[in-house]
Amino acid sequence: MPDRNDGLTLALLSGPEVRGVLADLAALRLTIFREFPYLYDGRLDDELNYLEQYATTPEALVATVRDAGRVIGAATGIPLAAEGAELVDPVRTTACRVEEIYYVGELLFYREYRNRGLGLTLLQRIEDAVRRFGNYRYLACATVQRPEDHPARPADYLPIERFLKRTGFAALGDLVTGFTWQELDGEKRYHPMKYWIKQLD
């Protein structure tokens, strides 16, 4: 059910209703993933194909924020067991059961809406819904690893890891996975990603 926060409209979506925001989510991802640390040169068709899983996977969720009808931020979540082998297989080497983990895929906002507490609000919406499901013990996510001296790192860059630590996430040991994608310079590169986990009381 949508509600309002400081003139913005918030909603938590699941199932077929997610299809109504897939184009908005794709636009959000394509814009923000061009920024550091992703530097991702994505294609609309690929994004729409990837995001379709949030409309078809049981217990998948999309939390959105709209300003004057425009989606300006979103968080996505899905059972980790529904993700691909790149994310699932490394976790199977730990003491955590994949079936008890809910994966937070994205938490994205257009630049002018950042640092306003909206990320915390959307993450809490996802977490509250996952708690109501009653069959998950953990939230998890994975963050792109880049060297601190990367030439594309902006001087005012704020690592997402700070937000994760503030909201109760901790690194899952030294566990990493990785994905290959095309960067803005046209080169395809492998990108290590670090796991973070939060236990749900």
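Which residues form one aromatic cluster together with F33? In this predicted model, the cluster is made up of F33, Y38, Y40 and W181. It is a good place for a newcomer to begin, and the aromatic pairs lead on from there.

The structure holds 8 aromatic pairs. One of them joins F33 and Y38, whose ring centres are 4.4 Å apart and whose planes meet at 45 degrees, which makes the pair tilted. The two partners differ in their surroundings: F33 has a relative accessibility of 8% and counts as buried, whereas Y38, with a relative accessible area of 24%, is partly exposed. Another aromatic pair is formed by Y50 and Y54, and this one is edge-to-face, with 6.1 Å from centre to centre and 75 degrees between the planes. Here too a buried ring meets a partly exposed one: Y54 is buried at 0% relative accessibility, while Y50 is partly exposed at 27%.

From rings the account turns to charges. Side chains of opposite charge can pair when their charged atoms come close. The count for this structure comes to 17 salt bridges. One of these links R19 to E52, with the closest N and O atoms 2.5 Å apart. R19 sits in the loop between strand 2 (8-13) and helix 1 (22-32), and E52 in the loop between helix 2 (44-51) and helix 3 (53-56), so this salt bridge ties together parts that are 33 residues apart in sequence. Both ends of the bridge have some access to the surface: R19 is partly exposed, with a relative accessible area of 43%, and E52 is partly exposed as well, at 27%.

A second salt bridge brings together the side chains of R97 and E100, at 3.3 Å from N to O. R97 is partly exposed, with a relative accessible area of 45%, but E100, at 17%, counts as buried. A third joins K198 and E127 at 2.8 Å, again from N to O. K198 belongs to strand 8 (residues 188-199) and E127 to helix 5 (residues 118-133), so the pair connects parts that lie 71 residues apart in sequence. In this case both K198 and E127 are buried. Salt bridges can also share partners, and in this way R92, R97, E99, E100 and R137 are joined into one network.

Not every buried charge finds such a partner. Where does E161 lie, and which residues is it in contact with? E161 is part of helix 6 (residues 160-166). This residue is buried yet has no salt bridge, and K194, the nearest side chain of opposite charge, is 6.9 Å away. Why does K194 not count as a salt-bridge partner of E161? A salt bridge requires a side-chain nitrogen of Lys or Arg within 4 Å of a carboxyl oxygen of Asp or Glu, and K194 is 6.9 Å away. Leaving aside neighbours within four places in sequence, E161 is in contact with T143, V144, Q145 and W196.

Helix 5, the home of E127, deserves a fuller description. This helix has 16 residues and reaches 23 Å from its first C-alpha to its last, close to the 22 Å expected at 1.5 Å a residue. Its buried residues are L118, G119, L122, L123, I126, E127, A129 and V130. E127 thus appears both in this buried set and in the salt bridge with K198. After helix 5 comes G134, which has a positive phi near 85 degrees.

The strands complete the picture. In strand 3 (residues 61-67), 5 of the 7 residues are buried, so this strand is largely enclosed by the rest of the structure. Strand 3 pairs with strand 2 in an antiparallel arrangement, through 5 bridges, and within this pairing L13 stands opposite V62. Strand 3 also pairs with strand 4 (residues 70-79), again in the antiparallel sense, over 7 bridges. There, A63 stands opposite A75. Strand 3 and strand 4 form a hairpin with 2 residues between the strands, and in this hairpin A68 takes a positive phi near 55 degrees.

Technical notes
Residues are numbered from 1 along each chain as its sequence is written. This is a predicted model: local features need pLDDT of at least 70, side-chain atom pairs count only at pLDDT 80 or more; totals for chains, interfaces and linings use all residues. Side-chain values use heavy atoms; hydrogens and water are left out. Helices (H or I, at least four residues) and strands (E, at least two) are DSSP runs, numbered from the N terminus. Buried means under 20% relative accessible area, exposed over 50%, partly exposed in between (1.4 Å probe, protein chains only). Two strands pair if DSSP finds at least two bridges between them. Lys and Arg count as positive and Asp and Glu as negative; His and the chain ends are not counted. Contact means heavy atoms within 4.5 Å. The expected span of a helix is 1.5 Å times one less than its number of residues. Rings of Phe, Tyr and Trp (its six-membered ring) pair if their centres lie within 6.5 Å; planes under 30 degrees apart count as stacked, over 60 as edge-to-face and the rest as tilted.
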